[in-house]
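These are my notes from a session with one structure open on the screen. I wanted to look up charge pairs, one helix, a charged surface patch and some backbone angles.

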Amino acid sequence: MGAFFVYILKASVYLAILYLFYSILLSKETFYRYNRTALLLLIPLSFILPLYPVHTAVPETYSNTTILDSLPAISYIENESQSKIPIGIIAVLSIYLIGILYFITRYVCTIIKLLRLIRSGEKYTDSDGLSLVVISQSIAPFSWFGKIVISEADLQNHRREILLHESAHIRKHHSWDLLAADLCIGLQWFNPAAWLLKRELQTVHEYEADNYVLEQGIDAKQYQLLLIKRSVGSKFYYITNHFNHNKLNKRITMMLKKKSNRKATLKYLYVIPVALCTVSVFAHPEISDELNKVSSVDLSNLTAMIGSSENTATIKNEEIEISGCVLDIETNEPIVGATVLVKGSNTGTVTDLNGNFSLKTPIGKTLLISYVGLGSAEISCNDKDRQNLKIYLGESSEKNNSSKIIIVGNKTEPNTSIGTKGKSTA
């Protein structure tokens, strides 16, 4: 689920950038068909570009640390940390899934209401082969997948203009465009660019339909007055092409605007350099590494994870006491003055003359025990049973220079701590 969310996040960024350049360069051009095609291509393009892997080469760096230094301090702690998911990521992914569920529910409810309205009307086919649904109530005319829904009053008073307008939507298959835009919104409901793209697509649909009406010989002034008259009235369905679409002032302006110069079509090539630049953004390690962390999240059991995160949040401030003795693994003698620190903080202590220490720390922290020349060891503080520990520092020739061991009570946990081999840099 994490990988899918990162993919959608990248797609939303691509869509936002591409739509921004469309809005700046092309939205005012009168190439309605080209603009419609460009808007529609932005949708699949934004979902295809994230699939293209691009990586920026990072120069290798070397340090003086040994192979053992690069290994995890405690193997079971490392595995445990990988299984944990920050509650922030869980919250974001949960909100995203809820948003998708809400959009699907809203869309299905709208379809049901629309089908009920169509069933309630009188259906017939006119002489031009158009499928009409005549409603007795006052409603703004609209078309949806081959059907024109119109009120009896509009059919009697403005039949020709309205039917020409709505038939243009049907002939140009505008309903399929809106379906594609709605699918994009369903996956990117958080992305303003997805909503703006659909709104712009609907506006371009109206430009095309208005242009078709005027080409059929309808008087422009008479038609514009009709648009103004029908600009108020009942609400319409957002999934349909409707006669009283908003942006009325832009529609009238486009009817009066001089046709764009053909040379302006070169602007459509903007998508190539913009796409390449956007792809390169996600290739930077600073961005790709962070996204990879989210991609690794598996939300197959989201409910259990949320419950686990809530429990972690509840006990994260609870303190436990860690006590033990630090010994030299070669001589088995206590180490006096060994440093015991809560990793990532300034809280700590040192061992006494008998090598003993005692320290309180919040659950979930890690203790770092070190001594100059003998390396270091790390202890997880996830378990309250961390009393009377025996921590061995140094190298053991008897165990083929194996890593140190931690003894908890009478129980030995071999290879649970790997410190610095040789002299410590602590």
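**Entry 1, Asp177 and Arg36.** I began with a charge pair in this predicted model. The side chains of Asp177 and Arg36 form a salt bridge, with N to O at 2.5 Å. I then looked up where the partners sit: Asp177 belongs to helix α8 (residues 174–187) and Arg36 to helix α2 (residues 32–48). They are 141 residues apart, and the pair links distant parts of the chain. I checked accessibility and found both Asp177 and Arg36 buried.

**Entry 2, Glu208 and Arg36.** Which other side chain meets Arg36 in a salt bridge? I found Glu208, with an N to O distance of 3.9 Å. I note that this value falls under the cut-off, because a salt bridge requires the nitrogen to be within 4 Å of the carboxyl oxygen. Glu208 is in helix α9 (residues 192–215), 172 residues from Arg36 in helix α2, and this pair also links distant parts of the chain. I read a relative accessible area of 7% for Glu208 and 14% for Arg36. Both residues count as buried because buried means under 20%. Taken together, Arg36, Asp177 and Glu208 are linked in a network of salt bridges.

**Entry 3, Asp182 and Lys198.** I looked up a further pair, Asp182 with Lys198, which is a salt bridge with its closest N and O atoms 2.6 Å apart. Asp182 lies in helix α8 and Lys198 in helix α9, so the bridge ties together parts that are 16 residues apart in sequence. I found Asp182 buried, and Lys198 is buried as well. For the total, I recorded four salt bridges in the structure.

**Entry 4, helix α7.** I turned to helix α7, which runs over residues 159–171 and has 13 residues. From first C-alpha to last I get 18 Å, close to the 18 Å expected at 1.5 Å a residue. I listed its buried residues, among them Glu161, His165, Glu166 and His169. The buried list also includes Ile162, Leu163, Leu164 and Ala168. After α7 comes His173, and I noted its positive phi, near 55°.

**Entry 5, positive patch.** Which residues gather in a patch of positive charge on the surface? I wrote down Lys113, Arg116, Arg119 and Lys123. Helix α5 (residues 87–120) supplies the largest share of this patch, three residues. I picked Arg116, which is found in helix α5, for an accessibility check. Arg116 has 58% relative accessibility and counts as exposed, because the exposed class starts over 50%.

**Entry 6, positive phi in loops.** Before going on I reminded myself that most residues other than glycine have a negative phi. I looked up Phe145, which is not a glycine, and its phi is positive at about 45°. Phe145 sits in the loop between β3 (142–144) and β4 (147–151). Its relative accessibility is 34%, so I entered Phe145 as partly exposed.

Where does Asn332 lie? I placed it in the loop between β6 (319–328) and β7 (339–342). The phi of Asn332 is near 60°, again a positive value in a residue other than glycine. Asn332 has 46% relative accessibility, so I entered it as partly exposed.

Definitions and conventions
Residues numbered from 1 in each chain as written. Predicted model: local features only at pLDDT ≥ 70, side-chain atom pairs only at ≥ 80, totals over all residues. Heavy atoms only, no water. Helix = DSSP H or I, 4+ residues; strand = E, 2+ residues; numbered from the N terminus. Buried < 20%, exposed > 50% of the residue type's maximum accessible area, 1.4 Å probe, protein only. Expected span 1.5 Å × (residues − 1). Patch = residues over 30% accessible without salt bridge, like charges linked within 9 Å, V, L, I, M, F, W, Y side chains within 5 Å. Areas by Shrake-Rupley, 256 points an atom, 1.4 Å probe, with all protein chains shown as cover. Lys, Arg positive; Asp, Glu negative; His and termini not counted. Charge placed at Lys NZ, Arg CZ, Asp CG, Glu CD.
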